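Please open the model in a viewer and keep the selection panel at hand. The tour below proceeds from one selection to the next and describes what is found at each stop.

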Amino acid sequence: MTRTTPEAPAQADTPTQPAEQASKPGRSQAVQPVLEKLFELYPHLFGAEFLPLKLGIFQELLALHPEQFQRDSLKLALGLHTRSTRYLQSVAAGKPRHDLQGVAVEAVAPEHVHFALLELFRRRQGRTQADLRPKLRAQLLAAFAASGLTRQEYQARVLTKDASANTLLEEAFAELDQKLAKQEALLRAFNSSGKTPAEFADMYGLDQRDVMLVLDQGRSQPVPAVKP
């Protein structure tokens with residue numbers, strides 16, 4: 001089974017101007033001129049908003065600006081940039097990748113969205129005692145739905161040797177299965193009740209809006225079977 005990893009593995013970072021950088025002072029100072037030049041040349045990519053970058057943009061920058069950038073320093077600068085929280089937030093939001101002209105050219109791969117969500121969760125969870133897992137589960141399920149992949153296809157892309165990360169996805173899918181099971185049970189109970197939605201909601205002490213939502217979903221498409 002082939003698994004992919006993010007273009008640049010996420011690491012801790014500290015906000016700076018014009019780009020956020022890793023917290024190591026030596027590296028920050030070494031690549032600061034490169035980041036400033038990137039901001040100067042391409043403010044639509046490295047300015048107020050960090051947009052996901054087209055794959056292969058490193059090679060394009062070297063080819064277009066051989067006198068401005070050196071391979072090693074540019075590689076380090078782009079690595080720090082794409083590990084920044086602001087950049088990961090754009091990836092996690094599912095924004096498309098952009099070329100140097102700022103044109104959206106390709107979608108971010110589902111696994112990159114998934115890994116960005118996990119890294120952002122780890123950073124935020126490390127700064128609070130509140131349990132952020134419920135929000136993460138909702139985000140993971142939304143990313144899964146947006147991917148258009150089957151559960152098996154999605155898992156083949158995102159599961160890794162990181163047991164804790166895999167567990168978080170398993171928890172999200174378990175929550176989805178519970179929701180689907182409840183929806184299916186509610187739909188079956190309504191269909192066999194002979195009641196109107198209002199009567200059914202009143203009989204079970206439910207919010208009529210919730211009942212109507214399940215009924216509308218059932219009419220538009222069958223409630224998916226719960227998967228083991």
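Select the side chains of Y42 and H65 in this predicted model: a polar contact of 2.7 Å joins the two. Y42 is placed in the loop that runs between α1 (25-41) and α2 (43-46). Is Y42 buried or exposed? Its relative accessibility is 9%, and Y42 therefore counts as buried, the cut-off being under 20%.

Extend the selection around Y42 to its contacts. With neighbours within four places in sequence left aside, Y42 is in contact with G47, L61, L64 and L100, as well as with H65. Add G102 and display the C-alpha atoms: those of Y42 and G102 are separated by 8.4 Å, although the two residues are 60 apart along the chain.

Next, select D99. This residue lies in the loop between β3 (97-98) and β4 (104-106). D99 has a relative accessibility of 12% and so counts as buried. Where does the side chain of D99 reach? The side chain of D99 comes to 3.0 Å from the backbone nitrogen of Q101. Beyond four places in sequence, the contacts of D99 are L45, K54, I57 and V105. For a C-alpha distance at this stop, choose E60: D99 and E60 are 9.5 Å apart in space and 39 residues apart in sequence.

Now colour the nonpolar core. The largest one has 46 residues. Which residues have the most contacts inside this core? They are L38, L45, L61, L74 and L78. L45 has already appeared as a contact of D99, and L61 as a contact of Y42. Centre the view on L74, which is in contact with V34, L38, F58, L61, L62 and F69 when its neighbours within four places in sequence are set aside. A second core, separate from the largest, has seven residues, L187, F200, A201 and V211 among them.

Move on to H112, a residue of helix α6. H112 has a relative accessible area of 11%, which means that H112 is buried. Show the side chain of R97 as well: a polar contact of 2.8 Å joins the side chain of R97 to that of H112.

Keep helix α6 (residues 110-125) in view and add helix α7 (residues 133-147). The two helices pack at an angle of about 170°, their axes lying 10 Å apart. Helices α6 and α7 are therefore roughly antiparallel to each other, as angles over 145 degrees count as such. To display the contact, select P110, V113, H114, L117, L118, F121 and Q125 on α6, together with R133, L136, Q139, L140, A143 and S147 on α7. How do the residues of this contact divide by character? Eight are nonpolar, four are polar and one is charged.

Proceed to Q155 in helix α8 (residues 151-158). Q155 has a relative accessible area of 26% and therefore counts as partly exposed. Leaving out residues up to four places away in sequence, Q155 touches L169 and F173. Select F144 too: the C-alpha atoms of Q155 and F144 are 9.5 Å apart, with the two positions 11 residues apart in sequence numbering.

Finally, return to the whole chain. How many helices and strands does the chain have? There are 11 helices and four strands. Of the 228 residues in the chain, 40% are buried. Among contacts between residues at least 6 apart in sequence, 62% join residues at least 24 apart.

Conventions
Residues numbered from 1 in each chain as written. Predicted model: local features only at pLDDT ≥ 70, side-chain atom pairs only at ≥ 80, totals over all residues. Heavy atoms only, no water. Axes fitted to C-alpha atoms, helices over the stretch in contact; angles between N-to-C directions. Parallel < 35°, antiparallel > 145°, perpendicular 65-115°, else oblique. Contact = heavy atoms within 4.5 Å. Nonpolar A, V, L, I, M, F, W, Y, C, P; charged D, E, K, R; others polar. Core = buried A, V, L, I, M, F, W, Y, C linked by side-chain atoms within 4.5 Å. Buried < 20%, exposed > 50% of the residue type's maximum accessible area, 1.4 Å probe, protein only. Polar contact = N/O pair within 3.5 Å; in protein donor to acceptor, adjacent residues only side chain to side chain.
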